[in-house]
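Visitor: I am new to this structure. Please take a close look at the nonpolar patch on the surface and tell me which residues form the patch.

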Amino acid sequence: MDSDNTAPIERINVLKVPLDIVPQEALTEKVYELLAPEKDGRIKGKHIVLLSLWDLLRARGANEYRDFVQKAALILPISKSLIGGSRFLTGKSPVRYMPFDFIISLLTILENRELSVYLLGAKPRILKKTEKNIRQTFPKLRIVGRFVGNFKRQDENTILEAIRKASPSLLLIGKGVHGGERWIARNTNLLNSGLRLWCSDIFDVFAERKKRPSRAVFDRGLEWFGYCFQHPLRFLRLFPYFYYKILLLIYRVFKKN
C-alpha cells in the first residue's frame, strides 16, 4: 500500500528496530532538511540506512550494528517482508524503496542544487566506469573525489582526510570497504558534514557489471531469489525468515495482552 500525498514522515518501531515512513513525494524535502545547517550554523554528518529483513534481525542484538541503525537519520525498508511485518504490528505501511532507484533519486535531488558526491569502494576499473556513468547521467552533480576499496589500513587516515577536505554532500560507499556500513559507524567522528550511505553492489550496477532486479520481481519481493542462486548459502536465510514470522506473532500476542 502506497502512502498518499498527505502522508507525513514518521518513525515507527518494528520488533524494537526503527523504520521511517517516507512517501516518495516527501523525499526531496527530507534530504534537503538533513543537509540543512543546525542551529549553530554547522551541517552535521548523518547516515542513511537501507534496511533489509536480515539487517533488521541483526539490529535487534546488542551490537555495533544496532547502534549504527539507532543513530541513523533515515532508515528505509527495502524488504517486502518488513512492510508486511509493520502492517501486522502497527497497522502502518512504510514506503519500500528499491536500493538502486533510491540512490538514483538521491543523486537527482543533489544534482538539482549542484551538490556533490564522493565515491569510495570497488575495484579501480569498476570505480572509474561508475564515475564516468554518473558524470554522464548527472552532469551538474559534482564528483569531488573517489578512492578504491580494499585499501591498506595505513592509507585509511589519508582517505579520511581527503573526504574531510572534499566535504561532499554525500559519501557513497560500496563493496570493498572493510566493515561495510560499520566503517561509517567507526569513523563517523572523523568525517565531517554531509550524508553517508553504504550499498554493497551499487558500483557494480553503475558500472554495468551486475544487473539490478526488475521492478516486477522487486514488487513481488522475489529479488532475494536470484541472489540465492548466485550465492547458494543464502538459501539458509529462509530460517531467519521463519524466525522473523514467529517473532511477529509473539509481539502481536503480547501487544494484545
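Guide: Patches are made of residues with over 30% relative accessible area and no salt bridge (a side-chain nitrogen of Lys or Arg within 4 Å of a carboxyl oxygen of Asp or Glu). Like charges are joined within 9 Å, and nonpolar side chains (Val, Leu, Ile, Met, Phe, Trp, Tyr) within 5 Å. Accessible areas come from the Shrake-Rupley method with a 1.4 Å probe, and for residues only the protein chains shown count as cover. This is a predicted model, in which local features need pLDDT of at least 70, side-chain atom pairs count only at pLDDT 80 or more, and totals for chains, interfaces and linings use all residues. Residues are numbered from 1 along each chain as its sequence is written, and side-chain values use heavy atoms, with hydrogens and water left out.

The nonpolar patch on the surface consists of Phe88, Leu249 and Val253. Together these residues have about 250 Å² of accessible area. Val253 belongs to helix H12, which runs over residues 238-256; helices (H or I, at least four residues) and strands (E, at least two) are DSSP runs, numbered from the N terminus. With a relative accessible area of 41%, Val253 is partly exposed, that is, between buried (under 20%) and exposed (over 50%), with a 1.4 Å probe and protein chains only.

As for the setting of the patch, the chain exposes about 14,000 Å², and carbon and sulfur atoms supply 54% of that area. Of the 257 residues in the chain, 46% are buried. The secondary structure of the chain comes to 12 helices and 8 strands.
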